[in-house]
Structures are given as C-alpha cells and as structure tokens.
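Q: Please take a close look at a single strand and its surroundings. Then place that part in the wider assembly.

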Protein chains: 2
Amino acid sequence: MFMPEFRQNLATKEWIILAAERQKRPAQFARSRPPMGETPAHSASCPFCPEQEASTPAAIAAFPSGSESGGWQVRVIPNKFPALAPGPDEECVACSTHEGPYLRREGVGHHEVVIETPRHNEDLPMLPPEHIEQVMLMFSSRYQALVAMPSTELVVIFRNHGEKAGTSIIHPHSQIVASSVVPFMVRNKLYEGQRYFDEYNRCVYCDIMQYEREHGARVVMENEHFMALTPYASSVPYEIWLLPREHHATFGEAEEDELRDLARALQNLLARLYRLLDDPDYNFVIDTAPDHMAGVSFYHWRLEIYPRLTTRAGFEIGSGIGINVVSPEHAAAALREACGDRIILE
Amino acid sequence: MFMPEFRQNLATKEWIILAAERQKRPAQFARSRPPMGETPAHSASCPFCPEQEASTPAAIAAFPSGSESGGWQVRVIPNKFPALAPGPDEECVACSTHEGPYLRREGVGHHEVVIETPRHNEDLPMLPPEHIEQVMLMFSSRYQALVAMPSTELVVIFRNHGEKAGTSIIHPHSQIVASSVVPFMVRNKLYEGQRYFDEYNRCVYCDIMQYEREHGARVVMENEHFMALTPYASSVPYEIWLLPREHHATFGEAEEDELRDLARALQNLLARLYRLLDDPDYNFVIDTAPDHMAGVSFYHWRLEIYPRLTTRAGFEIGSGIGINVVSPEHAAAALREACGDRIILE
C-alpha cells in the first residue's frame with residue numbers, strides 16, 4: 001500500500017511531505033509561455049531591449065564598463081517599482097517606530113534589475129559561457145557595492161522566470177534587493193546552522209554534501225568548485241541546491257574562479273531543466289549569510305532553484321509543510337539523464 | 001516621494017513589505033475562471049456531484065446523518081490522493097527513523113474532503129445560511145473525531161478556491177488534514193504567543209482585536225461572536241483574519257452558537273470578496289493550537305483568508321518577507337463598502 005512520508009530539512013528543521021503517489025511525469029507539467037524560439041531577438045515594446053535605454057532609470061553599472069547607455073552586454077538599473085528604496089540620504093539608517101502595539105520601519109534599501117543580455121530571446125541556458133560568467137561577476141560586483149551601503153543588512157539575489165514565478169517580462173533579467181532587515185526565515189537558518197555546529201563541530205551544508213556524494217542518488221552534477229543536488233527534503237518537485245564545494249558562509253567570499261564555475265554549473269542545470277521540463281517557470285535565489293558573518297563556520301552560501309510546477313495551496317499556507325509529488329531521488333535521476341549542454345535554438 | 005514600509009507581524013515577528021506604489025485597483029486583478037453563473041448545477045463528470053457517489057471512496061460522514069450515499073447536503077469522504085494516510089492500525093503511532101544524517105517519519109495521518117453542497121455551482125457565498133452553518137458544524141464534528149485519533153497532533157482545515165489557490169475542481173469543497181507532526185511554523189506562532197504573554201500577561205490576539213476596535217481602520221465587520229480585520233502586517237492584498245471575540249486557543253473550544261456565527265461571518269466576508277474582486281481565487285485556513293493545548297491563555301484560534309491575487313516570487317521565497325501592494329487600511333475600507341449579503345445568482 002502507498003504510504004506518504006514526512007522528511008525533515010536537516011538545515012532548517014522544517015518538515016515536508018513526500019506524496020509521490022500523485023507523481024507526475026515531466027511532460028504532465030504544462031508550460032505557460034510560447035517557446036523561446038518563437039520570441040523575437042528584439043522587441044520595440046520591451047523596456048529592457050537596446051535602444052529603449054531612455055525608458056528605464058539611468059543605469060548603475062554595465063558590462064563592458066562605460067557601455068551603460070549603448071553597446072552593453074549586461075546592464076544594471078534601479079527597479080522602477082522598488083520593493084525597497086534608498087532613504088533621503090544613504091547615511092540615514094531607518095529607525096523602527098511604533099503604531100499602537102505594532103512595529104514598523106521605513107522600507108529603506110535598494111532594488112536593482114540585472115538585464116542579462118541585450119537579446120530579448122536569449123535566455124541563460126543559451127548564453128555563450130563567457131557571457132553568463134559576466135552575469136555572475138556582475139552579481140558579485142553589485143553584491144560588494146550593496147553590502148558597503150550603511151543601511152544594508154542582507155542582499156538577496158534572485159530570478160523570476162515565467163508568469164508562475166512572478167514575472168511577465170520575457171527579456172532575461174535577475175533582481176537584487178538590499179534589505180535593511182534580516183528576516184526571520186534567514187535568522188532561523190543561521191540559528192539551526194549554529195545548533196548543528198555546536199553538536200558536531202561541522203557545517204551542516206558541508207556534511208550534506210559529503211553524505212550526498214557518498215550516497216549518490218540525489219547528486220545531479222559536479223564541477224571543480226560546485227556540486228548540485230536535489231535536497232532530501234525538497235519542498236517542490238525538481239528543487240535543486242547548487243553549493244560551493246569550498247566552505248564559504250557568504251556569497252561575497254566567492255573568488256573569481258568560483259564565480260566562473262558557478263556560471264557554468266548554473267547554465268548546465270538550467271539547460272537540463274529546459275530539456276527535461278520544456279523550459280519550466282522557476283525562481284532561483286542566492287541564499288547567503290549576512291555579509292558581516294563572512295567567515296563563520298556554521299553557514300554556507302548556495303544557489304537554490306525552485307521550479308514552479310505545482311501550486312502552494314491551503315495546507316501549505318496553513319502549516320508551512322510543503323507537499324512534494326516528485327521524490328528528489330527520481331528528480332535527480334531524470335536531471336542526470338537530461339543533457340546539460342548549452343541550448344542552441346534553431 | 002514614495003517610500004515603502006516594513007511592517008512586523010506582532011504575532012509571529014515576521015516582516016512584510018508594504019509597497020503600495022504599485023497599488024492596483026480591485027478590477028485590475030484578473031479572475032481565472034468563468035463566472036459561477038455560467039456553471040451548471042450538476043455535472044455528470046464531477047466526482048463530487050450526487051449520483052456519482054460510487055466514484056469516490058465511501059463516505060465518512062454526511063448531513064443529514066444517514067444520507068452518506070444519497071440525499072446528503074454535506075458529505076465527507078477520504079481524499080483519494082491523500083497527503084497523509086492512516087497507518088496499518090490506528091494505534092500504531094509513526095516513529096521517526098534516520099536515513100544517514102536525515103530524519104524521516106511515516107506520513108501517518110488523515111486527509112478528508114468536505115463536499116459542502118450537492119449543487120455543483122452553489123458556492124459558499126450563495127448557500128442558505130442554515131446550510132453554511134451545517135458546513136461549520138461538520139468542520140467541528142470532524143475536528144473532534146480526528147483529534148481523538150492517537151496519531152493526530154494537529155488538525156488543519158482549509159479551502160482552496162480556484163486554480164491559483166491550487167484546485168481545479170469547481171464543485172464546492174474544503175479539506176481537513178490530521179497531521180502527526182506539529183510543523184515549525186505553528187510552533188513559532190505558539191512560541192511568540194507565549195513570549196507576548198510572558199511580557200504582558202495578555203493574549204496577543206486579544207490585544208490585536210482590542211487595538212483594532214479602538215483604531216477602526218482595519219476592521220471589516222463584526223457580529224456577536226466574531227470580528228474580521230485586515231491584519232496590520234498583511235502578507236497579501238485583502239488578507240483577512242476572522243477571530244472569535246471570546247478567547248479560545250483551539251477550534252475545538254468553539255461552541256455551537258459560535259460555529260453558527262462563524263458561518264454567518266464567513267459567508268458575509270466571502271460575499272464581500274466576491275463582489276469587490278469578482279469572485280477571486282483564495283485559500284482559507286483555520287489556524288488553531290494543537291488540541292492538547294485547549295484552554296491555554298497565549299493562543300487564539302482564527303480563520304485566515306488569503307486571496308490569490310499576486311504571485312509569490314523569488315524575493316519572497318528567498319527571504320520569507322511578503323511584498324504586499326495593497327495596504328490593509330485600503331483593503332478594509334473597500335471591503336466595508338462592499339455588500340456582505342448572500343450572493344443570489346440570476
């Protein structure tokens with residue numbers, strides 16, 4: 001008889017339910033967008049395309065440097081509808097104030113968009129390898145600039161791909177938010193990392209990598225500096241963690257050769273997802289300790305990919321327990337079989 | 001200049017961002033379904049419609065009692081694709097086991113579906129008041145039956161309305177999961193409730209109700225036993241909490257007259273949402289302490305409604321901070337203006 005299973009996330013102590021009886025084959029998850037190959041390379045109505053630079057706020061940075069308003073390959077702009085915005089002057093760090101029993105703070109921070117390529121239809125799995133390396137180097141350089149701001153407590157780098165992942169803009173882009181609070185969820189991961197370190201004198205993420213390498217069933221791929229696996233307590237189908245093999249608590253500690261390897265590993269994983277699940281909607285996010293914790297033994301930055309194949313419903317909202325219908329062992333096997341070469345559209 | 005705002009949920013200490021510059025008017029949120037009025041009252045392909053009782057597992061309960069296989073007004077069945085399932089015998093409470101460094105448990109529990117009406121197109125806001133009262137009485141009676149099971153640690157009652165809320169079945173129904181673990185998220189709410197009680201010797205939810213009644217801006221409606229408000233740190237647009245005015249930690253403590261009043265308040269709120277947002281997709285969930293905590297001073301059960309108007313994207317996933325584009329003060333004002341009378345389709 002079929003029996004669902006609770007699995008606990010070793011790094012957060014959160015439970016998920018693996019209910020793989022409803023398991024779907026990859027082709028049963030429907031894509032919400034027209035294929036990338038049917039999208040033009042330039043769109044006159046896209047604010048992120050070249051020649052429309054004037055329709056966005058002035059660029060903050062670009063690659064090659066100096067190409068901010070023309071000839072760029074990667075372009076960084078302030079988000080026109082920011083979730084957080086700079087205070088009246090950068091030295092002014094927001095204060096908490098009360099409204100009755102409640103606590104509030106000014107929404108001080110920064111919100112940037114990284115336009116990853118001038119070509120409207122050239123998504124990350126299609127970029128020349130040296131180009132996606134420049135995107136990762138730009139992530140790193142914006143991270144360093146943002147952690148240097150007095151109001152920054154945490155930098156969150158993330159990507160929304162497709163409508164189910166929260167974006168309607170097709171043009172390839174990622175986003176960076178510098179937040180002036182460290183959220184509860186991140187604090188809990190730091191806390192659980194510290195508790196694990198107290199007990200075993202080792203980083204929980206390093207231990208996970210070691211166990212997964214020995215075990216093998218959940219490893220997707222490895223390269224010199226990175227290891228990709230489907231976590232034991234994956235909260236969604238085909239969830240992937242991409243971890244640096246060398247222990248670093250913060251994204252800011254990644255060296256240039258690691259960033260180049262990150263680009264190659266990320267492209268490889270996104271190409272596998274593209275082929276296996278027909279270009280699924282997904283979010284990725286770089287999970288890092290706050291920058292002032294650089295060097296700590298108990299945390300380990302990583303890039304996490306969350307395909308948006310199923311919908312979070314009332315039980316998940318009410319309990320915080322994810323229901324996952326594809327086992328991570330099955331997902332890893334299918335991802336290993338999929339080809340990780342760069343996608344070349346006809 | 002526009003400035004976003006962090007707000008802290010007093011009951012959980014989680015932050016949200018209110019970024020109401022992007023604020024949308026209700027009509028700008030699109031509905032994903034055909035209007036209920038275009039849906040037939042009976043569908044031969046619907047497993048929840050009368051005369052198709054044989055296509056579901058055998059009923060667990062029905063109203064009127066004895067009508068399980070015909071003539072029912074409310075019918076409870078086991079979920080055919082359960083997230084959790086009974087163990088080999090009910091006395092067998094699942095044990096945790098290890099897989100390498102990881103913890104797992106058998107997915108022991110119960111997963112039931114409450115079919116709320118025999119009529120395929122008669123949703124909660126349209127039910128005769130005495131009928132929706134029977135639905136709430138059924139919630140309560142199934143809650144009592146499930147907390148009596150040895151494996152049950154927490155009962156989660158929830159409803160998914162519309163595709164964005166995670167259901168493709170139109171026929172009006174709710175679900176009940178009896179879980180053999182108490183999840184992290186629920187523990188954190190209990191913990192923060194206790195901390196607040198340590199400091200003030202009062203229930204945080206009772207304090208919230210008192211402040212909101214004095215303040216007024218976030219109150220949607222009240223009746224004899226219930227109060228509806230849009231929480232100060234609403235994580236999504238038009239989030240509503242429906243709280244019993246009398247302090248009870250668990251749903252199991254609700255008396256029959258309170259359950260009847262819950263039905264009337266819930267119908268009133270769903271009718272307002274239906275009119276204001278054109279029958280939006282939503283989830284609701286009954287948030288309760290575990291039943292063995294009945295009577296504690298520091299927790300307060302409630303029904304929470306989460307309209308699914310926007311999409312949780314990479315920043316929310318990576319930080320746990322919700323971004324809300326409609327202020328709860330604005331949402332409450334609009335909901336107060338909307339009519340709460342029962343919906344009568346032409």
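What follows is a close look at strand 7 of chain A, then the contact between the chains, then one helix.

A: This is a predicted model, in which local features need pLDDT of at least 70 and side-chain atom pairs count only at pLDDT 80 or more, while totals for chains, interfaces and linings use all residues. Residues are numbered from 1 along each chain as its sequence is written, and chains are lettered from A and ligands numbered from 1 in the order in which they are written.

Start with strand 7 of chain A, residues 109-115. Helices (H or I, at least four residues) and strands (E, at least two) are DSSP runs, numbered from the N terminus. Seven of the seven residues in strand 7 of chain A are buried. Buried means that 20 or more other C-beta atoms, placed from the backbone, lie within 10 Å of the residue's own; exposed means 12 or fewer, and partly exposed is in between. In a regular strand, side chains alternate between the two faces of the sheet. Here both faces are covered. One side carries A:Gly109, A:His111, A:Val113 and A:Ile115. The other carries A:His110, A:Glu112 and A:Val114.

Now its partners. Two strands pair if DSSP finds at least two bridges between them. Strand 4 of chain A (residues 74-78) pairs antiparallel with strand 7 of chain A over four bridges. There, A:Arg75 sits opposite A:Ile115. Strand 9 of chain A (residues 173-179) also pairs antiparallel with strand 7 of chain A, over seven bridges. In that pairing A:Glu112 faces A:Ile176.

Pairing also crosses between chains. Strand 6 of chain A (residues 102-106) runs antiparallel to strand 1 of chain B (residues 5-8), joined by three bridges. A:Arg104 has B:Arg7 as its bridge partner.

The wider interface puts 63 residues of chain B in contact with 63 residues of chain A. Contact means C-beta atoms, placed from the backbone, within 7 Å. The chain B side divides into 34 nonpolar, 15 polar and 14 charged residues. Nonpolar covers Ala, Val, Leu, Ile, Met, Phe, Trp, Tyr, Cys and Pro; charged covers Asp, Glu, Lys and Arg; the others, Gly among them, are polar.

A turn of 180° with a shift of 0.0 Å along the axis lays chain B on chain A, with an RMSD of 0.0 Å. The two copies are therefore related as by a two-fold rotation axis. Both use the same surface: 100% of the contact residues of chain B recur in chain A. Superposition is by least squares on C-alpha atoms of residues with pLDDT of at least 70 in both.

Last, helix 4 of chain B: 16 of its 22 residues are buried, so the rest of the structure largely encloses this helix.

How values were computed: Two residues are in contact if their C-beta atoms, placed from the backbone, lie within 7 Å.
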